Amino acid sequence: MIVMALVVYLAAVGLDKADKVASSIGAVVALVALGAPYLLPRPQPGGVSMPDPDRVEESGKATATGGGRANTGLQAAGDGRPAQVTRSGDATAEGPGSVANTGIQRGPRP
């Protein structure tokens with residue numbers, strides 16, 4: 001349908017006039033495209049929502065012995081995602097190589 005309308009238009013006004021109109025329309029569209037980033041409103045900084053944080057609350061006690069790991073906090077990926085620990089329990093490490101964590105430990109996902 002659009003092609004048919006274009007053929008009728010070209011036949012009615014002639015190629016010379018159609019070329020001039022198309023060039024004018026193209027110039028206007030190009031100028032609008034160049035000015036659009038400056039004329040359109042900027043996105044609001046709060047428009048992008050943050051993901052829900054990884055969260056631990058009231059986790060209780062943990063004890064590590066003999067090179068083990070005690071974690072009453074949170075082991076989270078180091079990808080910048082928010083993390084929160086509230087009222088974590090006691091973590092105790094006994095013996096060589098044992099590790100205790102009651103806060104946030106960043107690293108690769110377990």
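The following exercises, each with a worked solution, introduce a predicted model of one protein.

Residues are numbered from 1 along each chain as its sequence is written, and side-chain values use heavy atoms, with hydrogens and water left out. Because this is a predicted model, local features need pLDDT of at least 70 and side-chain atom pairs count only at pLDDT 80 or more, while totals for chains, interfaces and linings use all residues.

**Exercise 1. Overall form**

Task: Describe the secondary structure, the dimensions and the surface of the protein.

Solution.
- Step 1. The protein has two helices and eight strands. Helices (H or I, at least four residues) and strands (E, at least two) are DSSP runs, numbered from the N terminus. In sequence order the pattern is α-α-β-β-β-β-β-β-β-β.
- Step 2. The radius of gyration of the protein is 33 Å, whereas a compact globule of 110 residues would have one near 13 Å. This quantity is taken over C-alpha atoms, and the globule rule is 2.2 Å times the number of residues to the power 0.38.
- Step 3. Along the principal axes, the C-alpha atoms fill a box of roughly 95 × 25 × 25 Å.
- Step 4. The accessible surface is about 8400 Å², and 61% of that surface belongs to carbon and sulfur atoms. Accessible areas come from the Shrake-Rupley method with a 1.4 Å probe; for residues, only the protein chains shown count as cover.
- Step 5. Of the 110 residues, 15% are buried. Buried means under 20% relative accessible area, exposed over 50%, and partly exposed in between (1.4 Å probe, protein chains only).
- Step 6. Among contacts with a separation of 6 or more, 64% join residues 24 or more positions apart. Contact means heavy atoms within 4.5 Å.

**Exercise 2. Salt bridges**

Task: State how many salt bridges the structure holds, and locate the partners of each.

Solution.
- Step 1. The structure holds two salt bridges. A salt bridge is a side-chain nitrogen of Lys or Arg within 4 Å of a carboxyl oxygen of Asp or Glu.
- Step 2. One of them pairs Lys20 with Asp16, whose closest N and O atoms are 3.4 Å apart. Lys20 and Asp16 are separated by about one helical turn because they are four residues apart in helix 2 (residues 15-39). Lys20 and Asp16 are both exposed.
- Step 3. Glu58 pairs with Arg87, with the closest N and O atoms at 2.8 Å. Glu58 lies in the loop between strand 1 (54-57) and strand 2 (62-65), and Arg87 in the loop between strand 5 (83-86) and strand 6 (91-94), so the pair ties together parts that are 29 residues apart in sequence. Glu58 and Arg87 are also exposed.

**Exercise 3. Two buried polar residues**

Task: Determine the surroundings of Thr72 and of Asn101.

Solution.
- Step 1. Thr72 is in the loop between strand 3 (69-71) and strand 4. Thr72 counts as buried because its relative accessible area is 2%.
- Step 2. The side chain of Thr72 reaches the backbone oxygen of Gly89 at 2.9 Å. Beyond neighbours within four places in sequence, the contacts of Thr72 include Val56, Lys61, Ser88, Gly89 and Asn101.
- Step 3. Asn101 belongs to strand 7 (residues 99-101). Its relative accessibility is 11%, so Asn101 counts as buried.
- Step 4. The side chains of Asn101 and Asn71 make a polar contact at 3.0 Å. A polar contact is a pair of N or O atoms within 3.5 Å; within protein, one must be able to donate a hydrogen and the other to accept it, and residues adjacent in sequence count only if both atoms are side-chain atoms.
- Step 5. Residues up to four places away in sequence aside, Asn101 touches Ala70, Asn71, Thr72, Gly73, Leu74 and Ala91.

**Exercise 4. From Tyr9 to Thr86**

Task: Place Tyr9 and Thr86, and give the separation of their C-alpha atoms.

Solution.
- Step 1. Tyr9 is part of helix 1 (residues 2-13). Tyr9 counts as partly exposed because its relative accessibility is 34%.
- Step 2. Leu6, Tyr9 and Val13 make a nonpolar surface patch of about 240 Å². Patches are made of residues with over 30% relative accessible area and no salt bridge: like charges are joined within 9 Å, nonpolar side chains (Val, Leu, Ile, Met, Phe, Trp, Tyr) within 5 Å.
- Step 3. Thr86 is in strand 5. Thr86 is partly exposed, at 21% relative accessibility. Apart from neighbours within four places in sequence, Thr86 is in contact with Val56, Glu57 and Glu58.
- Step 4. Thr86 and Tyr9 are 77 residues apart along the chain, and their C-alpha atoms are separated by 72 Å.
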